[in-house]
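Reader: Hello! I would like a close look at the inner spaces of this protein and at what surrounds them. Could you walk me through them in one go?

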Amino acid sequence: KTMRWLIFVGVLVACAQFVYLAVLISQQNEYDQFLLLRGEKAEKITSVIRDAKEVALSSSNQIKEKKGEGEAVLRRIQEIEELVNNIHAAMPRPKNGFGVRNSPQRASDAFVWKSFYESLDMMLYGEQSKKFGHLRRHERTRLKDKNTIFVSISSFRDEVCADTLAHMYTTAKDPENIAVGIVQQNCDENQHKNFGCFTAVMPEDMKVHPAPPDLDCVNTFCSMPNIKASKLFSCNRLYHEGRLRILRFNESQTFGPVFGRYLGSLLWFQEHFYMQVDAHTTFAHNWDSILIHDYALAPSSKPIFSHYPPSGPQRPGPLNDNPYQVYHWELAPGVCMCDAGFAEYDILRVGSMQRYPFIEFYPPGCKNNQETKEESENKKNECFALPRFSPFIGAGFVFANASFLFDVPFDPFTPFIFMGEELDFSTRLWTAGWDLFCPPRSILAHAYLRKQKPKFWGALQRSIGAGAHNSLQAYVLPRVKLKVGYPNIQLDQSSLASHFDDFGLGTLRPLSDYLRIADLDFHSKRHAHVSWCKSGHHPPLLHRS
């Protein structure tokens, strides 16, 4: 019995020890699991903290990058203003000061050109090139994100410049991707006080009349209630990010629209697309995304969109003050320029915009324009007409991949001219391998017939002397004519043919081919009636084997 009792007690003790060990093992497993969970949680917390630090660092880097670009923009503006002021200081002026319209002390055209050229040449190529030589042209560099757009606006005493700016931002689909560079030439408070501001020649009496100082484009834009209230394009944000860039000059410092385009191009900071418009422009809804979409359809590796936009209101803004209403021209088929003729000084003037009957070319897999309305509405994938080839550039609207600036920089040695700009730009682009297109859809409109508004030639007449615009334009135009192949061009000064290595024709396609597709003959003065353009076909040389 004693033995059995001992065995029984031993079994109970063993069972108790087994249960105790099982409890210990279970507790250890729970503790290990706790440690594991705690480790995972700690790792998650660490990961969240690490991600937050990375986001904060990325945001900080973006802020620093945008702040850095804003500072770079300010430095560039100061450099450009100094360059223009130096040219202005070298220019001859009437002895009795700015503001005299028919001064008998007017300098000769030869002396005016010589003063302009020697001052600019010294800064871009000569003794001061170490300081200013980088403003000659843009060096090839990497572009920013493919959705970024730089808009170049040249404004001469334009009272609706701020309206253009506001309408551009408020109608854009992605305004945060848009930067603007404005070259403003105004009659400011100082000029008004010392010499007065004046209107253009008014039709009722063919005289100029006193006028108040001009509105500052950006200050007026920034004071608009809808702009001040916006988070996307408030002026504080635009300035801070370097996306609102303006050069301010007095009207007496004007050297004409072509030189203004050159100055505007210097405000470009690697945005992917480059757009050029005038300061009296109205925009279609979502113009930015539509342009980028249509541009991608162009059947060319180097396309450039341009035309004379349809006529729009004198003051840009929403139709009937209703932001949801659309203008009749919005997204209508883009007009093309298929004609040109010889005007004064025998310079070519591009013809007006027209909607010619044309054949629409569609991307593969799309039906042509003979489909029914029901078929068109039932399409799952939208098909858009391809952009049409065009022989000419219209300066009032240009849109392209910004890399064209590397191939065809704006020529700063063409001051004072008004006509000749589009012929020069068209030939240089085409010979550099860029194909010209009119946009398939109209995304902006232009205020034409601004007869009572001041023009730059009026300022030239007052700052240099009577008749300055006409004779100076005739003096400088031989530079353009020589460049594009006019025969028997005589230059009064050899400097008129300078720096063609930077600002001359391209080397990828011959000028003779361009003259053929544009139907131009400078010898016989045969002007353009481009049949392939009017019918909507491709230029004939593109089908050549």
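Author: What follows starts with the open pocket, moves through the strands and helices around the interior, and ends with the enclosed cavities.

Happy to do so, and please keep in mind that this is a predicted model.

Let us begin with the largest pocket, which holds about 1,200 Å³ of space. Its lining is made up of 40 residues, and those nearest its centre are D278, F418, H446, K455 and W457. Several elements give two or more residues to this lining: β1 (149-156), α9, β10 (348-350), α13, α14 (456-463) and α15 (468-484). Sorted by class, the lining of the largest pocket has 18 nonpolar, 12 polar and 10 charged residues.

D278, one of the residues nearest the pocket centre, also belongs to a strand worth following, β6 (residues 273-278). This strand is mostly covered, with six of its six residues buried. F273, M275 and V277 point one way from β6, while Y274, Q276 and D278 point the other way. Strand β6 has two partners to look at. With β1 it pairs in the parallel sense, over six bridges, and here S152 stands opposite Q276. With strand β12 (residues 397-401) it runs antiparallel, joined by five bridges; in that pairing, F273 has N401 as its bridge partner.

Strand β12 also takes part in an aromatic contact, through F399. Across the whole structure, a search finds 32 aromatic pairs. In one of them, the ring centres of Y295 and F399 are 5.6 Å apart and the planes meet at 85°, so the pair is edge-to-face; the cut-off for that label is an angle over 60 degrees. The two residues come from distant parts of the chain, with Y295 in helix α10 (residues 287-296) and F399 in strand β12, 104 residues apart. Both partners are out of the way of solvent by the accessibility criterion, under 20% relative accessible area: Y295 counts as buried at 9% relative accessibility, and F399 is buried with a relative accessible area of 0%.

Another long-range approach involves helix α15, where K481 lies. Helix α15 and β10 are both among the elements that line the largest pocket. K481 and L348 are 133 residues apart in sequence, yet their C-alpha atoms are 9.6 Å apart in space. Although lysine carries a charge by class, K481 counts as buried, at 13% relative accessibility.

Two helices add to the picture of the interior. Helix α2 (residues 109-124) has 16 residues and reaches 22 Å from its first C-alpha to its last, close to the 22 Å expected at 1.5 Å a residue. Its buried residues are D109, V112, W113, S115, F116, Y117, S119, L120, D121, M123 and L124. An α-helix has 3.6 residues a turn, so residues three or four places apart point the same way. Some of the buried residues of α2 also belong to an aromatic cluster: W113, F116 and Y117 are joined there by Y125, F255, F259, Y262, F413, F416 and F503. The other helix is α4 (residues 161-171), where 10 of the 11 residues are buried, so it is largely enclosed by the rest of the structure. Those buried residues are C161, A162, D163, T164, L165, A166, H167, M168, Y169 and T171.

Now for the closed spaces. There are four cavities of 30 Å³ or more. The largest has a volume of about 90 Å³, and the residues lining it are V258, F410, D411, T414, I417, E421, D424, F425 and R428. Helix α13 (residues 421-431) gives the most to that lining, with four residues. By class, the lining of the largest cavity has four nonpolar, one polar and four charged residues.

The second largest cavity contains about 50 Å³ of space. Lining it are V84, Q185, F249, Q253, T254, F255, G256, F259, G260 and L263. Here the largest share, three residues, comes from helix α9 (residues 257-265). This lining divides into five nonpolar, five polar and no charged residues. F255 and F259 tie this cavity back to the aromatic cluster, since they appear in its lining and are also members of that cluster. Helix α9 links the spaces too: it contributes to the lining of the second largest cavity and gives two or more residues to that of the largest pocket.

Methods: Residues numbered from 1 in each chain as written. Predicted model: local features only at pLDDT ≥ 70, side-chain atom pairs only at ≥ 80, totals over all residues. Heavy atoms only, no water. 1 Å grid on protein atoms, 1.4 Å probe; cavity = no way out; pocket = protein on both sides within 12 Å on 5 of 7 lines; lining within 4 Å. Points joined across faces, edges and corners; volume = space filled by probe spheres on them. Expected span 1.5 Å × (residues − 1). Buried < 20%, exposed > 50% of the residue type's maximum accessible area, 1.4 Å probe, protein only. Pairing = 2+ DSSP bridges. Phe/Tyr/Trp six-rings, centres within 6.5 Å; stacked < 30°, edge-to-face > 60°.
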